[in-house]
Amino acid sequence: MLALGFLSPFDFASPGAVLNMLGRLTGIWGLALMLVAAMLCCRVPGFDVPFGGLTKLWQLHHKLGAIGFLMILAHPLLLAIGAAEVSLNAAVATLFSDRPAVLWGWVALLALMAFMAPTFNFFGEPDYQRWKWVHRLSGITVVFALIHTLMLSRTLPGIWGDLVWGVLAVMTLSAISYRWIFSRWYGRHPYLVSKVEHPANNIVELSLAPVGTHLKYAAGQFVYLTPKVPELASGHDEEHPYTLSSAPGESVLRIAIKDLGDGSRALQDIETDSMMTVEGPYGSFFPRVGSAGGGELWIAGGIGITPFLGRLRHCARSGEALDAHLIYCVQDEGRLVFGEELQGLTEAIAGCQFNPHYFYREGPLSADYIKQRCPDFASRKVYICGPLPLIELSRVILSGAGVPSGNIVTEEFVLL
């Protein structure tokens, strides 16, 4: 909004002047949004907490990046159309000037279009790992765009332009430096697989023993796990996010992984003593210790049980009472992962209740089912984790029952 303060009556003197002004503003706002989006995607631990977790932070990154990208696309077009009020030659000269500042702008725009194309699926659904590498390269374009802006900026004159772009550049480069330099040497913790268990035929729970410092985390948080095992059929040296199923006080990390792709399938057969690196923790699913209050309703689906399992294990170890009612939605009894342990944990923790919901028998989750098992659910804080269709269905049910949106916390499993 600072740019609006430097507008003058000349910017509204004619249709061409208005278009020129809009062209300058879209350039400034587009670049600012791209810089902020670049900061948000660098996964600095703890930075995601005020935003409600890394998933919500990543969603904000996508929105800001998309809006900034569209503004930057509109920037040269508006300037050229505004110049057409003078003449066609003026419009062409605006777009294709040989001035170094304009050339840097075109380098930034063309590079950004090339690196952003896979994000918008211009060429079909991209390979996930290839998309990640290409998407990271889009950060280079903000450097080109900054050069263009600093050489040609007119809407933020003098020290204001240097101050705004200087602060944004320092913050962005600091975040990028963390992701590309610091996190590679100090942000990733080495672990060895100490135990491999199979609670279901397509799920493995790995116990990881620290080689050095043990990671500190809260129940419900997740980490990025990178196997350092060249012998794996797939996934060697590829990072993927997994929720921790262990309690924060345990000496090992426990991670439950479902076979959902080549990388997670290969981990089903991993051997003990295999090397892993862990980065994190991330997420802010449950309230921090001491900030919780009132009863809770938990709705889990499939492997989305893991954050709830971690919190139950924590409460059982610490002797903490917990007024929580867990509804675990699965297709049938064969897919009730950790069923016996969940039953034992909820029986051992004062105030806890557990109800498995089977789709083949009960049909889709309904308000009647929830009310029968948890009559006061409308007054509880609700936590939902699982596939997106279950989350959307639960939201409809809860909203229809009068549960305020601020009392509904969700976390879906997406590629981050």
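Begin with the contact map: of the contacts (heavy atoms within 4.5 Å) between residues at least 6 apart in sequence, 71% join residues at least 24 apart. The model is predicted, so local features need pLDDT of at least 70 and side-chain atom pairs count only at pLDDT 80 or more, while totals for chains, interfaces and linings use all residues. Residues are numbered from 1 along each chain as its sequence is written, and side-chain values use heavy atoms, with hydrogens and water left out.

**Whole chain**

Display the protein as a cartoon to find 13 helices and eleven strands. These elements are DSSP runs numbered from the N terminus: helices are H or I with at least four residues, and strands are E with at least two. Next, colour by burial: 49% of the 416 residues are buried. Buried means under 20% relative accessible area, exposed means over 50%, and partly exposed lies in between, with a 1.4 Å probe and protein chains only. A surface view shows about 19,700 Å² exposed, 63% of it supplied by carbon and sulfur atoms. Areas follow the Shrake-Rupley method with a 1.4 Å probe; for residues, only the protein chains shown count as cover.

**Strands 1, 2 and 6**

Select strand 1 (residues 188-200) and strand 2 (residues 203-210), which pair in the antiparallel sense over seven bridges. Two strands pair if DSSP finds at least two bridges between them. The two strands form a hairpin with two residues between them, and Ala200 has Ile203 of strand 2 as its bridge partner. Strand 1 also pairs with strand 6 in the antiparallel sense, over five bridges; there, Leu192 has Met275 of strand 6 as its bridge partner.

Now centre on Ser207, in strand 2. Ser207 is buried, with a relative accessible area of 5%. Beyond its neighbours within four places in sequence, its contacts include Leu192, Val193, Val252 and Arg254.

**Aromatic rings**

Show the side chains of Phe, Tyr and Trp; the whole structure holds twelve aromatic pairs. Rings (for Trp, the six-membered one) pair if their centres lie within 6.5 Å; planes under 30 degrees apart count as stacked, over 60 as edge-to-face and the rest as tilted. Select Phe286 and Tyr383: the ring centres are 5.3 Å apart and the planes meet at 55 degrees, so the pair is tilted. This pair links distant parts of the chain, 97 residues apart: Phe286 lies in the loop between strand 6 (275-282) and strand 7 (296-301), and Tyr383 in strand 10 (residues 381-386). Both Phe286 and Tyr383 are buried.

Move to Tyr358 and Tyr360, a tilted pair with 6.2 Å centre to centre and 50 degrees between the planes. Tyr358 counts as buried at 7% relative accessibility, whereas Tyr360, at 48%, counts as partly exposed.

Then widen the first selection: Phe285, Phe286, Trp298, Phe308 and Tyr383 form one aromatic cluster. Add Arg311, whose charged end sits over the ring of Phe286, 4.7 Å from its centre. A charge sits over a ring if NZ of Lys or CZ of Arg is within 6 Å of the ring centre and within 35 degrees of the ring normal. Arg313 likewise has its charged end over the ring of Phe338, 5.6 Å from the centre.

**Cysteines**

Finally, select the cysteines. A disulfide is a pair of cysteine sulfur atoms within 2.5 Å, and the count by this rule is zero. The sulfur of Cys352 has its closest cysteine sulfur in Cys315, 6.7 Å away, which is too far for a bond. Cys352 is buried at 12% relative accessibility; Cys385 is buried at 0%.
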